[in-house]
Amino acid sequence: MTEKTLTGFPARDRAWHPPALYPPYKTSVKRAPQAPLLSFPSSMGEETGPVFGNDILGPLDNDLIHNFAAQGEAAIGPRIVVHGRVTDQFERPVAGALIEVWQANAGGRYRHRKEGYIAPLDPNFGGCGRCITDETGAYEFRTVQPGPYPWPNGVNDWRPAHIHFSIFGASFAQRLITQMYFDGDPMIGMCPIVGAIPSAEAIAQLVGRLDMDRTIPMDARAYRFDIVLRGRRQTLFENRMEGL
């Protein structure tokens, strides 16, 4: 499906996004649709809600270094600031977008009861947080750089270090789930999930760029990750093709 407007919201350009079926990424074989996709106009509920406000945020929601830590403690690992802007397909800022993030700790382990990796847990790191974009579409949060981890896709497959993002824009129609990788990581090109992405330009859109101008001296490096919702050049929607 090429880009077209559906009740005010452009559809995703399916030639830009990865295919749903990519056998080297083994779980895509079971996840991929078995029948032709159906397209429906967006509903009123999808176009008008939800609406989020800063009153839903806690004081440390955007500080993953401290939001799970004991009093006087902090998460272990290289400290970073992740920031950027959320825009629509016309480069207009998306204000009031809720951004939720989750990630592995600096050793590459998630705080999850079914986690299979033997790297140690950090008792002061929960691995999740959230923030809301300002009137210019800007966002920012602090965290530690996650580590890579092995996963049972192949004999020796590893996921490159990454942070998961869930974005609710002006409405459900602008929902996006994606991942940010890190500038200069040689493991990006080895990942079967990344291998499903059809172009180097699209892969580059998922890489947070080192931003020395935003570093905090003697504290944290910074990475810039800009996000585009809907339409042509939308930030990639993971490895799935369901929906519009």
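User: What makes a stretch of this chain count as a helix or a strand?

Analyst: Helices (H or I, at least four residues) and strands (E, at least two) are DSSP runs, numbered from the N terminus. By that rule the protein chain has 4 helices and 13 strands. The model is a predicted one, in which local features need pLDDT of at least 70, side-chain atom pairs count only at pLDDT 80 or more, and totals for chains, interfaces and linings use all residues. Residues are numbered from 1 along each chain as its sequence is written, and side-chain values use heavy atoms, with hydrogens and water left out.

User: Why is the protein chain called as compact as a globular protein of its length?

Analyst: The radius of gyration, taken over C-alpha atoms, is set against the globule rule, 2.2 Å times the number of residues to the power 0.38. For 244 residues the rule gives 18 Å, and the radius of gyration of the protein chain is 18 Å, so the chain is as compact as a globular protein of that length. Its C-alpha atoms fill a box of roughly 50 × 45 × 35 Å along the principal axes.

User: Why is C191 called buried?

Analyst: Buried means under 20% relative accessible area, exposed over 50%, partly exposed in between (1.4 Å probe, protein chains only). C191 has 2% relative accessibility, so it counts as buried. Of the 244 residues of the protein chain, 48% count as buried.

User: Where is C191, and what does C191 contact beyond its neighbours within four places in sequence?

Analyst: C191 is in the loop between strand 10 (176-182) and helix 3 (192-195). Contact means heavy atoms within 4.5 Å. Leaving aside neighbours within four places in sequence, C191 is in contact with W158, R159 and P160. The C-alpha atoms of C191 and Y25 are 8.9 Å apart, with their positions 166 residues apart in sequence.

User: Which residues does T215 touch, not counting those up to four places away in sequence?

Analyst: T215 touches A220, R221 and A222. The place of T215 is in the loop between strand 11 (207-210) and strand 12 (221-224).

User: How do you know what share of contacts join residues at least 24 apart?

Analyst: Among contacts in the protein chain between residues at least 6 apart in sequence, 72% join residues at least 24 apart.

User: What makes a lining residue nonpolar, charged or polar?

Analyst: Ala, Val, Leu, Ile, Met, Phe, Trp, Tyr, Cys and Pro count as nonpolar, Asp, Glu, Lys and Arg as charged, and the others, Gly among them, as polar. The lining of the largest cavity has 4 nonpolar, 4 polar and 3 charged residues.
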